[in-house]
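Subject: Structure handover and notes

Hi,

Here is the structure we talked about, with my notes below it. Have a look at it first, then read on at your leisure.

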Amino acid sequence: MKNFSMNFRSMDLLTILFLVVAALILVSCEVKKKPTDTTQIRVTGTMDAELTDPPHVPPPVGNREAMRVKVELEIIEQEGVMVDGTRYLYWTFGGTVPGSFIRTRVGDKVEFHLQNHPDNKLPHNIDLHAVTGPGGGAESSFVAPGKEVVFSFKTLNPGLYVYHCAVAPVGMHIGNGMYGLILVEPEGGLEPVDREYYVMQGDFYTEGSYGERGLQAFDMTKAINENPDYVVFNGSVGALNNENALTAKVGETVRLFVGNGGPNLVSSFHVIGEIFDKVYVEGGSMVNENIQTTLIPAGGAAIVEFKVEVPGTLIMVDHSIFRAFNKGALGMINVTGDDDDRIFTGTQMEGIYLPEGGSIQTLPGSGESEQELASNLDERIKFGADVYKRTCAACHQLNGDGLPNAFPPVRNSDYLNADIGRAIQTVLDGLSGEITVNGVTYNSIMPGQNLSDEEVANVLTYITHEMDNNPVEVTPEMVRAERDKS
Amino acid sequence: MVILALGTYAQESSMVRVEGGEYLPLYGSLDEPVKVTPFYLDIYPVTNAQFLDFVREEDRWQKDRPIRLYADEAYLSHWSGPADLGNSHPQAAVTNVSWFAAKAYCEWAGKRLPSVDEWEFAAMAGEDQYDARTQEEYNQYILRWYESSKSFLNPIGTGMKNVYGIHDLHGLVWEWTYDFSSILLTNEFRKGGNADNNLFCGASSVGATDLMNYGAFMRYAFRSSLKARYTSRNLGFRCAKDINDLEQ
């Protein structure tokens, strides 16, 4: 008995030890386990998908289970307005460009009903980039006018995906507006935000040029040359402007589901006045932060999020900028709410800026102190030296010798000594044309100096006394007299 | 019998002789152009009024009569009654008719449906040329027609008139042909680039020089989306006749 008890106790300890180690191993295995095989996600129940017209999106999937989701999408060929005065026959999914927004979660089994309105002229199909299967569904969805076709697919990858028509010529079908977005949310859904909107860029090619009036036909040659007349958000110029602008309130987090249907151009998507706090790069799982402009490939998408902090109108553009201002790639987000000077003040001050000469420019009544007046000759010479250094030395040099062939000397200058009145006038009004100084000819231009009477008197007195000239004192009154002469 | 003969005569005068020849259709290989023997083709597509005459005599083809095997639910849906056009224009091309119904009409009229080759051969003519397929105006006309809506409401004669004097092969409605389903086209237009792949070889790589193929692509694409019992608002037909029959 005793033996047995002893063995039992040691076995107990061993068992516990074994269990602990096993648990640790199992836990680490959990961590290293591969991601869920999404093909195995079970679907529970059926629902009808709620499709929305742009720029709105259906409500988030939240926590719901994967389900069988029935989607009914109708193709309508219908005339619309590209820009005031210009009409265009759009081929649409759901009657809008871009087509209806489809919202699903990973693991859903989508039963897709594609309906081609009987009045349509052409057969169409659909390729959804969220589909794993031939043609993205295009092979199974070719449908004649007046007919409906059904196929099903399971959403295996989360992300934001483009869908478009893929009937020949594919570029023409896409170029006429047959594209839209399908969102596959991850398990548990995307993080909730305050506002979500649907924006999709597309390029359009018309026979006439931008704004040409009337019903415009698709131009295949321009499309092949990738030379669009219109580059727009949501199918027409101004679709998201003014009364159609998106809205948000200060403090809200905005999420934009942005697609690019092409058919040709890549978008440099930017919101003027905001920075993307988060970008789901190319609509996938990688999240970049603090982005100004994000690239959205043709046939691709991106999810951008930003918190709006100040009121005003934010402008969405394709930053390949001529597209924004000349072809229509411009949309608006109106943010309302209280200002916040900590973040943005608007204009704080307006003033004059005059970059002229070495003299100080001041605004009238700007509160500068009164100029110090020279009270005797020595002061005048001393103040004059300061003026000379900052105004005259640049050309006439610190020693007053000037530059050969360019600037005449003021030191020991016969020209200066001959006529002090003329010297004063030269400083005030400038001088041009041929002169001879100390036997050398100069032909240059001296600009007039913006100096006060005091300053002119001071600088000339300095020159006459300190630079080997006739030591004449020049007074402010003499300067005034010369000024009044002209 | 007399009435029928007169009727037939009247109908022949509304046909035109197409000389035929050789042509290279959208599909097929450069070494083997297709031969088309001379034939007669209706100048206009069959109208609502003409089809009304037909169903008055052959009442099994009236609206709601044919079984679903021969015509789908939308058969003659634009008419308000079995022998009543309602608001539909009598001179508009009759549409919402299945291949079976179109074939029956042509037989009643002593004629037949044209083959795809015959139809394409006659339709490659433009306003001035027998083969206008490389002409920009011809192709623009066709592409613009694809952009226009509800052309099925227009009366006959409002489409293109070609050099044979045949109207509306382009610009009005699609038209049934006898062997519309003989060209196999997969639903996926983007495969290929393979020269052996008949129709879809150029689908995704058509260049500017292949402009003429767009119009044809659309027609072949449309044809391949059809089944014989299908009806479509944009789909009508016209009849053809062998030369030999006439000369007997």
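One definition before we start: the bend of a helix at a residue is the angle between two axes, one fitted to the seven residues ending there and the other to the seven starting there. Please also keep in mind that this is a predicted model.

**Helix α5 of chain A**

That definition is for helix α5(A), which bends by about 50 degrees at K389(A). The end-to-end span fits with this picture. A straight helix of 20 residues would span 28 Å at 1.5 Å a residue, but α5(A), residues 377–396, covers only 23 Å between its end C-alpha atoms.

Which residues of α5(A) are buried? They are R380(A), I381(A), F383(A), G384(A), V387(A), Y388(A), C392(A) and H396(A). These buried residues pack against α8(A), which covers 453–466. Just after α5(A) comes Q397(A), with a positive phi of about 70 degrees.

**Domains of chain A**

The domain assignment splits chain A into domain 1 (46–185), domain 2 (195–336) and domain 3 (377–485). Between the C-alpha centres of domain 2 and domain 3 of chain A there are 64 Å.

**Two open sheets in chain A**

One open sheet has 6 strands, in the order β12-β10-β14-β19-β16-β17 of chain A, and its pairing is mixed. At the edges are β12(A) (230–233) and β17(A) (287–291), each of which pairs on one side only. On average, neighbouring strands of this sheet are turned by 20 degrees against each other, direction ignored. If you would like to look at one strand pair here, try β16(A), residues 276–280, and β17(A): they run antiparallel and are joined by 4 bridges. Within that pair, Y280(A) stands opposite V287(A).

Another open sheet is made of 5 strands, ordered β13-β21-β20-β15-β18 in chain A, again with mixed pairing. Its edge strands are β13(A) (246–249) and β18(A) (293–296), and each pairs on one side only. Here the average turn between neighbouring strands is 25 degrees, direction ignored. Strand β15(A), residues 267–272, pairs with β18(A) in the antiparallel sense over 4 bridges. One residue to pick out is F269(A), whose bridge partner in β18(A) is T294(A).

As a reminder, the strands of a sheet pair through backbone hydrogen bonds, either parallel or antiparallel.

**A glycine in a loop**

G439(A) sits in the loop between β22(A) (430–437) and β23(A) (440–447). Is G439(A) buried or exposed? It counts as exposed, because it has 6 C-beta neighbours inside 10 Å, and the cut-off for exposed is 12 or fewer. From G439(A) to Y415(A) the C-alpha distance is 9.7 Å, with their positions 24 residues apart in sequence.

**Chain B**

How many helices and strands does chain B have? There are 7 helices and 7 strands. Read from the N terminus, the elements of chain B follow the order α-β-β-β-β-α-α-α-α-β-α-β-β-α. Of the 248 residues in chain B, 44% are buried. Looking at contacts in chain B with a separation of 6 or more, 69% are between residues 24 or more positions apart.

If you open the model today, the bend at K389(A) in α5(A) is a good place to begin.

Best wishes

Key. Residues numbered from 1 in each chain as written. Chains lettered and ligands numbered in written order. Predicted model: local features only at pLDDT ≥ 70, side-chain atom pairs only at ≥ 80, totals over all residues. Domains from an automatic or database assignment. Buried ≥ 20, exposed ≤ 12 C-beta atoms within 10 Å, placed from the backbone. Pairing = 2+ DSSP bridges. Axes fitted to C-alpha atoms, helices over the stretch in contact; angles between N-to-C directions. Expected span 1.5 Å × (residues − 1). Contact = placed C-beta atoms within 7 Å.
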